[in-house]
Amino acid sequence: MRNFLYRFRESFMRFMYGRYGGDELSRTMVYAGLALLILSYLPFLRFLNICSWILFLWAYFRMFSKNIYKRQQELSKYYKIRGKLFRKFSTYKQVHTDKTHRYFKCKSCGTYSRVPKGKGKIRITCKKCGAQMIKRT
Ligand SMILES: [Zn+2]
């Protein structure tokens with residue numbers, strides 16, 4: 001039995017040699033797939049069942065893929081998107097929890113300007129693109 005397990009492990013390792021293996025993106029896809037699978041038990045969310053299987057298959061495809069370069073590119077793209085989402089979320093949190101400042105989004109470049117509250121009507125100059133707006137704080 002031990003010998004069998006050893007040989008199984010050995011042949012699995014040989015199978016995985018030169019393949020990409022698991023990474024953070026695959027792991028996230030499996031977790032997301034599990035979450036969708038659980039949600040799909042709700043009667044009006046049955047279609048999520050298919051989505052979860054697509055995620056599982058895609059995650060396994062990536063693990064066993066031999067095109068390592070392409071998989072690494074997907075991973076770095078994933079990190080970039082995740083970083084962007086994380087930054088967006090932390091900006092949102094800051095804008096909605098800061099009680100002493102107000103935040104105005106620049107109409108031309110999207111940068112937030114932070115100004116102290118209670119200063120009346122003021123002219124705000126965007127520090128990134130120089131656009132001006134007049135707002136009440
Ligand atoms: Zn701007």
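**Close-up views of a predicted model**

**View 1. Arg 62, a buried side chain with two salt-bridge partners.** With a relative accessibility of 0%, Arg 62 counts as buried, since the cut-off for that class is under 20%. The structure shown is a predicted model. Arg 62 forms a salt bridge with Asp 23, and the closest N and O atoms of this pair are 3.0 Å apart. Arg 62 belongs to helix α3 (residues 48–64) and Asp 23 to the loop between α1 (2–16) and α2, so this salt bridge ties together parts that lie 39 residues apart in sequence. Asp 23 is also buried, its relative accessible area being 7%. Arg 62 forms a salt bridge with Glu 74 as well, with 2.6 Å between the closest N and O atoms. Here the partner lies in helix α4 (residues 68–97), so the pair of Arg 62 in helix α3 and Glu 74 ties together parts 12 residues apart in sequence.

**View 2. Arg 71 and Glu 74 within helix α4.** The side chains of Arg 71 and Glu 74 meet in a salt bridge, at 3.0 Å from N to O. These two residues are three places apart in helix α4, and therefore about one helical turn separates them. Arg 71 is buried, at a relative accessible area of 5%. Glu 74, by contrast, has a relative accessibility of 23% and counts as partly exposed.

**View 3. The salt-bridge network.** Asp 23, Arg 62, Arg 71 and Glu 74 are linked in a network of salt bridges. Glu 74 takes part through its salt bridge with Arg 62 and through its salt bridge with Arg 71. Asp 23 is joined to the network by its salt bridge with Arg 62. In total, the structure holds four salt bridges.

**View 4. Leu 39 in helix α2.** Leu 39 lies in helix α2, which covers residues 24–39. With a relative accessible area of 37%, Leu 39 is partly exposed. Apart from neighbours within four places in sequence, Leu 39 is in contact with Leu 45 and Leu 48. Asn 49 is 10 residues from Leu 39 along the chain, and the C-alpha atoms of the two are separated by 8.2 Å.

**View 5. The zinc site.** The zinc ion is coordinated at 2.3 Å by the SG atoms of Cys 106, Cys 109, Cys 126 and Cys 129. The four donor atoms subtend angles of 105 to 114° around the zinc ion, and the arrangement is therefore tetrahedral. Along the chain, the donors follow the spacing C-x2-C-x16-C-x2-C. Cys 106 sits in the loop between β1 (101–105) and β2 (112–116), while Cys 126 sits in the loop between β3 (121–125) and β4 (132–136); this pair, 20 residues apart, links distant parts of the chain. Both Cys 106 and Cys 126 are buried.

**View 6. The two domains.** The chain is divided into domain 1, residues 2–97, and domain 2, residues 101–137. The centres of domain 1 and domain 2, taken over C-alpha atoms, are separated by 40 Å.

Note on methods: Residues are numbered from 1 along each chain as its sequence is written. This is a predicted model: local features need pLDDT of at least 70, side-chain atom pairs count only at pLDDT 80 or more; totals for chains, interfaces and linings use all residues. Side-chain values use heavy atoms; hydrogens and water are left out. Donors are N, O and S atoms within 2.8 Å of the metal (3.2 Å for Na, K and Ca); water is not among the atoms, so sites may look incomplete. Four donors count as tetrahedral if all angles lie between 85 and 135 degrees; four count as square planar and six as octahedral if opposite donors are over 155 degrees apart and all others between 65 and 115; anything else is irregular. Helices (H or I, at least four residues) and strands (E, at least two) are DSSP runs, numbered from the N terminus. Buried means under 20% relative accessible area, exposed over 50%, partly exposed in between (1.4 Å probe, protein chains only). Domain bounds come from an automatic or database domain assignment. Contact means heavy atoms within 4.5 Å.
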